[in-house]
Amino acid sequence: MGCSFVLCDNHCSFPFSIPFLFLGSISGILLDVHNRSAELIAKFLDEKLRAGNKVTSEEDLEGTLEKVLVLFRFIQGKDVFEAFYKKDLAKRLLLGKSASIDAEKSMISKLKTECGSQFTNKLEGMFKDIELSKEINESFKQSSQARTKLPSGIELSVHVLTTGYWPTYPPMDVRLPHELNVYQDIFKEFYLSKYSGRRLMWQNSLGHCVLKAEFPKGKKELAVSLFQTVVLMLFNDAQKLSFQDIKDSTGIEDKELRRTLQSLACGKVRVLQKLPKGRDVDDDDSFVFNEGFAAPLYRIKVNAIQMKETVEENTSTTERVFQDRQYQVDAAIVRIMKTRKVLSHTLLITELFQQLKFPIKPADLKKRIESLIDREYLERDKNNPQIYNYLA
């Protein structure tokens, strides 16, 4: 059985007002267009840079990247593009799905030339983590811990990620089989002896494995997620398990467990059988090992639902961008007011439009100003409420 785990290492402009009632509505539509355009350009690049795309040569791919860059220059929501591009790049790197590492680095180089090193710093850091992880894995295989303590029959590869470079992944608990727990503990012992003072956190939702399975109709290798692995290994010791049995044994969160069981028993590749049959997983369902399973290929990929983009994941990425924008707006307001000390509402809004690099509605700027007043960074002038004073 081969496994790949992921862990995180914390070393870690309108200068005047226009009195038309529909201005807010038009502004909102324009913002949505800019944000949506940025997201779609990032997703188009993901499609082209992902293994299995229809671009036939490095030259064709490079030409496509150049054309995308022309469009990229026109979008204002570049922070939205960065968030989606980083999320998709992370999946390509961690799952080994890039069509060309040279093309990946070429695109980042183009973005760096266009937007500066600060824009691509985290993207470049992701590549550094991948390269460093290869060295760590080689060192681990040659270590005394690996030679004397590792269980046989398992090969492990670990990506060690610097928290600040990668997208934020919610922690998900799971009770691993004993063999995998032992392997993780041995790797942790090795890593902390090499890099003392660091804190490690396993990202179970990103792990994936290759399992050797014996079916009555032949042996197969199953490319599965870590959660799918944990569920399938329960059937080494049981022929039939209820949903509650699996939940109690694995400790996987309810929603994630249902998706995992759906992928194993309700998709195209049905390694398990669900009783009674159906597309949804209910509390009173049971699951059995599919003894009639057959497939023409020796290695079979079981669709890992948790690695496909969901509506929730998409929304979460957008919300993180908007949260980051709030911090940037607050910092810009404080920076301007600290310099000017006293400023009218109109002039403050004008300077913010000049400094901020993303589209934003005047109403949203007003909300951030009100928030800073509540937190006593600013105050309204006692004689004129349209004037703001900076509070040191």
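In this predicted model, the salt bridges of the chain come to 21 in number. One of them joins Glu66 and Lys110, whose closest N and O atoms are 2.6 Å apart. This pair ties together distant parts of the chain, since Glu66 belongs to helix α2 and Lys110 to helix α4 (residues 101–115), with 44 residues separating them. The two partners sit in unlike surroundings: Glu66 is partly exposed at 39% relative accessibility, whereas Lys110, at 12%, falls under the 20% limit and is therefore buried.

A second link between distant parts of the chain is found at Glu351 and Arg340, where the closest N and O atoms lie 2.0 Å apart. Here helix α12 (residues 345–355) supplies Glu351 and helix α11 supplies Arg340, eleven residues away. Glu351 has a relative accessibility of 18%, under the 20% cut-off, so the residue counts as buried. Arg340, with a relative accessible area of 38%, is partly exposed. Salt bridges also connect Asp46, Arg50, Arg92 and Glu104 into a network.

Another salt bridge pairs Lys87 with Asp88, with 3.3 Å between the closest N and O atoms. Lys87 and Asp88 are both buried. Turning to helix α3 (residues 78–94), how many of its 17 residues are buried? The count is 15, and the helix is thus described as mostly covered. Its length can be checked with simple arithmetic: at 1.5 Å a residue, 17 residues should span 24 Å, and the C-alpha atoms at the two ends are indeed 24 Å apart, so expectation and model agree. Gly96 follows α3 and has a positive phi, near 65°.

On the surface, a patch of negative charge brings together Glu58, Glu59, Asp60 and Asp102. Which helix gives the most to this negative patch? Helix α2 (residues 58–72) does, with three residues. Glu59, a member of the patch, is placed in helix α2. Its relative accessible area is 61%, over the 50% limit, so Glu59 counts as exposed.

A few backbone details are worth a friendly second look. Most residues other than glycine have a negative phi, and most peptide bonds are trans. Against this background, the bond from Leu275 to Pro276 stands out as cis, with omega near -5°. Pro276 is located in the loop between β7 (272–275) and β8 (286–289).

Positive phi values also occur at residues other than glycine, including Lys341, with phi near 70°. Lys341 is found in the loop between α11 (311–340) and β10 (342–344). Is this residue, Lys341, partly exposed or buried? A relative accessibility of 46% makes Lys341 partly exposed. Glu376 likewise has a positive phi, near 65°, and belongs to the loop between α13 (362–374) and β11 (378–380). Because its relative accessibility of 61% is over 50%, Glu376 counts as exposed.

For the chain as a whole, the secondary structure consists of 13 helices and twelve strands. Of its 392 residues, 46% count as buried. The accessible surface amounts to about 21,300 Å², and carbon and sulfur atoms account for 52% of that area.

Key:
Residues are numbered from 1 along each chain as its sequence is written. This is a predicted model: local features need pLDDT of at least 70, side-chain atom pairs count only at pLDDT 80 or more; totals for chains, interfaces and linings use all residues. Side-chain values use heavy atoms; hydrogens and water are left out. Helices (H or I, at least four residues) and strands (E, at least two) are DSSP runs, numbered from the N terminus. The expected span of a helix is 1.5 Å times one less than its number of residues. Buried means under 20% relative accessible area, exposed over 50%, partly exposed in between (1.4 Å probe, protein chains only). Patches are made of residues with over 30% relative accessible area and no salt bridge: like charges are joined within 9 Å, nonpolar side chains (Val, Leu, Ile, Met, Phe, Trp, Tyr) within 5 Å. Accessible areas come from the Shrake-Rupley method with a 1.4 Å probe; for residues, only the protein chains shown count as cover. A salt bridge is a side-chain nitrogen of Lys or Arg within 4 Å of a carboxyl oxygen of Asp or Glu. Lys and Arg count as positive and Asp and Glu as negative; His and the chain ends are not counted. The place of a charge is taken as NZ of Lys, CZ of Arg, CG of Asp or CD of Glu.
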